[in-house]
Amino acid sequence: MIPNSLPEGLHPETLAVRLAADRSQHGENSEALYLTSGYVQPSAEAAARRFAGEEEGFTYGRYGNPTVDGFERRLAAMESTEAAIGTASGMSAILMMCLALLKAGDHIVCSRSMFGSTIKLIGSDLARFGVESSFVSQTDLAAWRGALRPNTRLLFAETPTNPLTEVCDIAALAALAHDAGALLAVDNCFATPALQQPAAMGADIVMHSGTKYLDGQGRVMAGALCGSQALVTDKFLPVVKSGGMTLAPFNAWVVLKGLETLDIRMRAQSANALGLAQRLQQHPGVARVFYPGLADHPQHALALRQQSGLGGAVLSLEVGSADPERSRRRAFHVLDCMRWLSLSTNLGDTKTLVAHPASTSHGRLTEAQRQAAGVTQGLIRVAVGLEHLDDILADLAHGLDTLDTLA
Ligand SMILES: *Cc1c(COP(=O)(O)O)cnc(C)c1O
């Protein structure tokens, strides 16, 4: 092993490229990928000590891996937390968090405009195990306060939200949670640590889908939770050990390399998104554009303060009217007229991805849940990539320019 020792005080952009596990005896420059499910132990005594947690050392793939460890250390440094733990996907990170921190009779408060599967997991699946939940307006602090109960253990927010890009005040929610003796968790998928560090604003847990911008090129599934060493070691790790939401080493390696370009990608894609949002606002076929970087976004000032002055790479546009059927036809028309932009529900890629949330990511919600989340039939989400802005707009315009031809 060749120790990878870095001086104190390096900037997050530097750590994103340089912080890693130790090099092997070969001195490889790119981080090694350790594809192994088990580890040979030096002695029976050492194995016993390692399994008992009395000595450092890898024992079994579900419990840890050097490549995954490198990813966790790098992400934690970028999020300004003491530690991080990788998981198989973003959803398994949320499941692991809930299993680790909640029991039957406990209560969790979430934004009602969170990611569709998050609402499903917490509102339906966990409810079967006796975990109570309340879903409140993302932006209404009084609603969060009003939802608190003596048994509230966790507040869980996502900012900006998917797909409407609503922004909540992380510092204010952290204060609210801590006054109530609860923890605050923030889903930081959309902003990423390149734009926003929730822990620096008081959040106790930062949750990631590594599938999105951390990978950044749409290759693998991954997830993570970042927080204090105590949370990671004493709460999360035991659940991963028994629950098996383990991050695969290959996926960890891909995302680890993705982190190296996160900052530059987020800056370039945010600039593209702002340009596209401004130009879509001018289009007669577009009723409204939702993007935190626009001056008319309801939380514009808060977003810029909280997100390093950038709006992120996701925007949504409303092409519908009062009639849901007609709205859906108009949205589908725009999607079906695209010639090369990707019709894909994913986000966080260098390729621009366009989706209809009401029938895909939010399709499993009830109509009432969808309405509460503001996901209308005429809403289109664009996760803006790295292509030239003029080209992206031109491909969207094929449908937008011909909306009048529809009934
Ligand atoms: C995609 C996503 C998730 C879930 O992540 P997976 O890796 O798909 O499991 C959670 N939150 C947000 C905001 C997301 O966009």
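The buried residues of helix H5 are covered by several other elements, including helix H4 (90-101), strand E2 (107-111), strand E3 (132-136), strand E4 (152-158) and helix H15 (367-372). Helix H5 itself runs over residues 116-125, and its buried residues are Gly116, Ser117, Thr118, Ile119, Leu121 and Ile122. All of this is read from a predicted model, and it should be taken with that in mind.

The chain around this helix has a secondary structure that comes to 16 helices and 12 strands. Of its 407 residues, 54% are buried. When contacts between residues at least 6 apart in sequence are considered, 73% of them join residues at least 24 apart.

The overall dimensions of the chain can be compared with a simple rule. A compact globule of 407 residues would have a radius of gyration near 22 Å, and because the chain has 22 Å, the two agree. The C-alpha trace, followed along its principal axes, spans about 75 × 50 × 35 Å. The accessible surface of the chain comes to about 16800 Å², and carbon and sulfur atoms account for 54% of it. As for charge, the chain carries 33 positive and 40 negative charges, whose mean positions lie 4 Å apart.

The domain assignment divides the chain into two parts, which are set out below together with the residues that each part brings to the contact between them.

| Domain | Residue range | Residues in contact with the other domain |
|---|---|---|
| Domain 1 | 12-259 | 36 residues |
| Domain 2 | 263-405 | 41 residues |

Between the C-alpha centres of domain 1 and domain 2 there is a distance of 27 Å, while 36 residues of domain 1 are in contact with 41 residues of domain 2.

A single residue can also be followed in some detail. Glycine 293 is found in the loop that connects strand E8 (288-290) with helix H13 (300-306). Is this glycine 293 buried or exposed? Its relative accessibility is 18%, and because buried means under 20%, glycine 293 counts as buried. If its neighbours within four places in sequence are left aside, glycine 293 is in contact with Leu274, His300 and Gly311. Alanine 104, by comparison, is separated from glycine 293 by 189 residues in sequence, and the C-alpha atoms of these two residues are 41 Å apart in space.

Methods. Residues are numbered from 1 along each chain as its sequence is written. This is a predicted model: local features need pLDDT of at least 70, side-chain atom pairs count only at pLDDT 80 or more; totals for chains, interfaces and linings use all residues. Side-chain values use heavy atoms; hydrogens and water are left out. Helices (H or I, at least four residues) and strands (E, at least two) are DSSP runs, numbered from the N terminus. The radius of gyration is taken over C-alpha atoms; the globule rule is 2.2 Å times the number of residues to the power 0.38. Buried means under 20% relative accessible area, exposed over 50%, partly exposed in between (1.4 Å probe, protein chains only). Contact means heavy atoms within 4.5 Å. Accessible areas come from the Shrake-Rupley method with a 1.4 Å probe; for residues, only the protein chains shown count as cover. Lys and Arg count as positive and Asp and Glu as negative; His and the chain ends are not counted. The place of a charge is taken as NZ of Lys, CZ of Arg, CG of Asp or CD of Glu. Domain bounds come from an automatic or database domain assignment.
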